Amino acid sequence: MNQGSLWRPTRRRLTDTLLAALAPVAVCGIALGGLTTWVGSGNAGSPARVAVTNGRVFLPYGDSTETAAFFDLTNTGGADDRLVEVTSSATDAEITLSRHRMIDDSAATKTEVASAPVPAGRELAMSPDGLDVVLTAGERWKTGDLVPFTLHFERTGAVETLAVVVRPSS
């Protein structure tokens, strides 16, 4: 055999080989550490879990029967969810989701929306100057009455709740 054709490990070749092998091992270690932290926090693969609290519905003003309801939605699960519909046995009229945006100090716009995201680990607080539920009030509603609602979510499903009738505050 020819001495020149034999492969000989040199210090440089061994160093290059070890460095090439070390990079993927380090990346795998970092990824495994991140996954371990995610699993340890209890959110790995957990489904969306939306709780509905602080329900309130405005008593209509003047001769109007259109009003708005508001809820606080908290998603304690590990997956995002989406509010897709709101129903109530207290009204036969259509109930819609809408978003209000201020144009300037004295004007606002109202846009009907098909759904509203409720991100994992976050809260969505409905308000008069944000997302709300638009509905027709019952004829005999008065301050303090409880109105039943069912909020329908894409992943959580239907959540039944009550909203208290309140006077709008300034």
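# A walk through the strands, the core and the pocket

Strands E1 and E2 make a good place to start: the two pair in the antiparallel sense, with six bridges between them. Before going on, keep in mind that what you have in front of you is a predicted model. To find one rung of this E1–E2 ladder, look for Val50, whose bridge partner in E2 is Asn75. E1 also pairs with E10, but here the strands run parallel and three bridges join them. Val57 will show you the spot, since its bridge partner in E10 is Val165.

While you're on E1, stop at Asn54, which lies in that strand. The backbone does something worth a look here: Asn54 has a positive phi of about 55 degrees, although it isn't a glycine. Is its side buried, or is it open to the outside? With a relative accessible area of 46%, Asn54 falls between the 20% and 50% cut-offs, so it counts as partly exposed.

Now move along to E4. Residues 96–104 make up this strand, and it pairs in the antiparallel sense with E5, residues 107–113, over seven bridges. The link between E4 and E5 is a hairpin of two residues. If you want a landmark in the pairing, Arg99 stands opposite Thr111 in E5. E4 has another partner too: E4 and E8 pair in the antiparallel sense over four bridges. There, Leu97 has Val133 of E8 as its bridge partner.

With the strands in place, what fills the inside? In soluble globular proteins, nonpolar side chains tend to be buried together. In this model the largest nonpolar core has 30 residues, and Phe71 and Leu73 are those with the most contacts inside it. Strands that each supply at least two residues of this core include E1 (50–58), E3 (81–87), E6 (116–118), E9 (146–153) and E10 (157–166), along with E2 and E8. The strand that gives the most to this core is E2, with five residues.

Leu73 is a handy residue to centre your view on. Setting aside neighbours within four places in sequence, its contacts include Val50, Ala51 and Val52, and also Leu83, Val118, Leu151 and Phe153. The list isn't purely nonpolar, though: Arg122 and Glu123 are in contact with Leu73 as well.

E2 turns up again when you look for empty space. Rolling a probe the size of a water molecule over the atoms shows where such space is left. The largest pocket holds about 250 Å³. Its lining has 16 residues, and those nearest the centre are Phe58, Thr67, Ala68, Phe70 and Asp132. E2 (66–75) and E8 (131–136) each supply at least two residues of that lining, and E2 gives the most, with four. What kinds of residues line this pocket? Nine are nonpolar, four are polar and three are charged.

Next, try a pair of residues that touch each other across two strands. Thr150 lies in strand E9, while Ala158 has its place in E10. Which of them is buried and which is exposed? Thr150 has a relative accessibility of 16%, which is under the 20% cut-off, so Thr150 counts as buried. Ala158 comes in at 53%, which is over 50%, so Ala158 counts as exposed.

Their contacts fit together nicely. Not counting residues up to four places away in sequence, Thr150 touches Glu85, Val86 and Thr87, as well as Ala158, Val159 and Glu160. From the other side, and leaving out the same sequence neighbours, Ala158 touches Thr150, Leu151 and His152. Ala158 and Leu83 are 75 residues apart along the chain, yet their C-alpha atoms are separated by 9.6 Å.

Finish at Gly144, in the loop between E8 and E9. Its relative accessibility is 44%, so Gly144 counts as partly exposed. Residues up to four places away aside, Gly144 touches Val164 and Val165. You've met Val165 already, as the bridge partner of Val57. Arg167 is 23 residues from Gly144 along the chain, and the C-alpha atoms of the two are separated by 9.3 Å.

Terms used: Residues numbered from 1 in each chain as written. Predicted model: local features only at pLDDT ≥ 70, side-chain atom pairs only at ≥ 80, totals over all residues. Heavy atoms only, no water. Pairing = 2+ DSSP bridges. 1 Å grid on protein atoms, 1.4 Å probe; cavity = no way out; pocket = protein on both sides within 12 Å on 5 of 7 lines; lining within 4 Å. Points joined across faces, edges and corners; volume = space filled by probe spheres on them. Nonpolar A, V, L, I, M, F, W, Y, C, P; charged D, E, K, R; others polar. Core = buried A, V, L, I, M, F, W, Y, C linked by side-chain atoms within 4.5 Å. Buried < 20%, exposed > 50% of the residue type's maximum accessible area, 1.4 Å probe, protein only. Contact = heavy atoms within 4.5 Å.
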